[in-house]
Structures are given as C-alpha cells and as structure tokens.
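Student: I have a model here that I have not seen before. Could we go through it and test each label against its definition?

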Amino acid sequence: MIESIYSSATSEPKSDGADIDAILEWIGGCVKDISLGFERWNDPYARGPGLYFVVERDPITEFAAPMGTNRWPVEKCATVFAETDVFLEAAQNVALSRDGAVVVHSDGTIEEAMVRVNQLSPAECRQNDNLPYAGWMGARHMSALETSTREEVVAAITLSEEDGRVTVFTDGTFEDSLATSLVID
C-alpha cells in the first residue's frame, strides 16, 4: 500500500499568506498523491490525470484569461487548506475533467475560473533566452516554465497526463519526479 504524501503532512499550513513554502508543499503533496493513485501510467492507450497550478504573489490577470467554462469547484473547496480529502477530491475531479491553470493566491485561496496563461512577450523571451526546456515537456510544462519567470508568480506545479511526472517550476527552473519515483518506502 502507498502511504499518502499529502495526508501525512506534518502540520496544516496557516492561511494568512505568510507561509508560501507550506502552500507549495500542500499542493505538491496532493498532486503526488493523485499521480500515485493512477495505476495505468504504463498503458499506452490511457490518458491520466493532468493538473497545472499557478501560485501567485500578485494578480496574474494581466497575462491570463479565463479558460472557457473550466472552473475549480470553489463551492466545495475554496482553499488549499480545506480538509485533506476535500482538496484532494476537488483536485482529482479537476485533473480528470478540466483544462487550464488553477490559480492559487498567496493566502491559499483558489480562484474559481481556470485560466490560459499567455506566452511570454518578445521582450520577456529575450530576458529568458536560456530557459531549460526539456524534450519531455509538452505545452502545459513549457507554459509553466515560462510562467514561473514572471515576478507575479511564486511557482507553478504540474502533473503530466502522459506519465504522471510531477514538476515544480520556480524562477525559470524546475525539479521533477516521475510517478514511479514517488513511492514511499
């Protein structure tokens, strides 16, 4: 049996905006649990759950637009600090049925409208000439890498629907783990 990373967090973070690291750990643990819970990553015909979270320090409305009717269920889960099973269930549902980035404010509250994040402008591209794009990156991951370079953004976290890879993007860099490497001994 796999021990839940998310539900075994040492303490629930405070929702006062002061503990961004705890917010990132909370989201990351949830995303890892979703990855570990999907058993068909090696099935070439299966599409797994996919997620894209953007944690903002300042509003990203200048470079993000609503993604159609895709919505985070705020009526059931308005914050990452909801009870463990409530946040996990909402994230699993979104991962399997919606597209776009989930915007999380620095206090842990979640924006209802999921968004499409605009590409970097030509000037921003020149400032970020040497981003470490990897061959495995699809559109969601390249967007998250670029988005992480913006000063309004603390970090972006993705779950790849292709292989269960969980990636945390910060300041134009990334750390990733494949689903098979997430198992706790």
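Tutor: Let us begin with a single residue. S143 has a relative accessible area of 17% and counts as buried. Keep in mind that this is a predicted model.

Student: Why is S143 called buried?

Tutor: The term buried applies under 20% relative accessible area. S143 has 17%, so the label buried fits.

Student: Where is S143 found, and what does S143 touch?

Tutor: S143 is part of helix α4. Not counting residues up to four places away in sequence, S143 touches Y52 and V117.

Student: What makes helix α4 largely enclosed?

Tutor: Helix α4 covers residues 139-147, and seven of these nine residues are buried, so the rest of the structure largely encloses the helix. The buried ones are R140, H141, S143, A144, L145, E146 and T147. They pack against β1, β4 (113-117), β5, β6 and β7.

Student: How do you know that D33 is buried?

Tutor: The same test works. The limit for buried is under 20%, and D33 is at 10% relative accessibility, so D33 counts as buried. D33 has its place in helix α1. The C-alpha atoms of D33 and A179 are 9.5 Å apart, although 146 residues separate the two along the chain.

Student: How much of the protein chain is buried?

Tutor: Buried residues make up 45% of its 185 residues. The chain has four helices and seven strands, in the pattern α-β-β-α-β-β-α-α-β-β-β along the sequence.

Student: Why are α1 and α2 called oblique to each other?

Tutor: The two helices pack at about 60 degrees, with their axes 10 Å apart. Angles under 35 degrees count as roughly parallel, over 145 as roughly antiparallel and 65 to 115 as roughly perpendicular, with the rest as oblique. About 60 degrees falls in none of those three ranges, so α1 and α2 are oblique.

Student: Which residues make the contact between α1 and α2?

Tutor: From α1 they are W26, I27, C30, D33 and I34, and from α2 they are T84, F87, L88, A91 and Q92. D33, discussed above as buried, is thus one of the contact residues. The crossing of α1 past α2 is right-handed.

Student: What makes a group of residues a nonpolar core?

Tutor: The members must be buried, must belong to a set of residue types that includes Ile, Leu, Phe, Trp and Val, and must be joined through side-chain atoms within 4.5 Å. The largest core here has 31 residues, and I27, L51, F53, W72, V80, F87 and V104 have the most contacts inside it. Two or more residues come from each of α1 (20-37), β1 (51-56), α2 (84-97), β3 (102-104) and β5 (153-159). The most come from α1, which gives eight. A second, separate core has 17 residues, including A64, L120, A144 and L145.

Student: Which residues is W72 in contact with?

Tutor: Neighbours within four places in sequence are left aside. Among the others in contact with W72 are F53, F87, A90, V94, V102 and M114.

Student: How do you know that β1 and β3 pair?

Tutor: Two strands pair if there are at least two bridges between them. β1 and β3 have three, in the parallel sense, so the condition is met. Within this pair, F53 stands opposite V102 in β3.

Student: In which sense does β5 pair with β1 and with β6, parallel or antiparallel?

Tutor: The pairing of β5 with β1 is antiparallel, over six bridges, and Y52 stands opposite T158 in β5. With β6 the sense is also antiparallel, over four bridges, and A156 stands opposite F169 in β6. β5 and β6 form a hairpin with six residues between them.

Student: Why are β3 and β7 called edge strands?

Tutor: Each of them pairs on one side only. The open sheet has five strands in the order β3-β1-β5-β6-β7, with mixed pairing. Within that order, seven of the seven residues of β5 are buried, and β5 is mostly covered. α1 lies across β1, β3, β5 and β6 (166-170), at about 10 degrees to β5.

Note on methods. Residues numbered from 1 in each chain as written. Predicted model: local features only at pLDDT ≥ 70, side-chain atom pairs only at ≥ 80, totals over all residues. Heavy atoms only, no water. Buried < 20%, exposed > 50% of the residue type's maximum accessible area, 1.4 Å probe, protein only. Contact = heavy atoms within 4.5 Å. Axes fitted to C-alpha atoms, helices over the stretch in contact; angles between N-to-C directions. Left-handed = near helix turned anticlockwise from the far one by under 90°.
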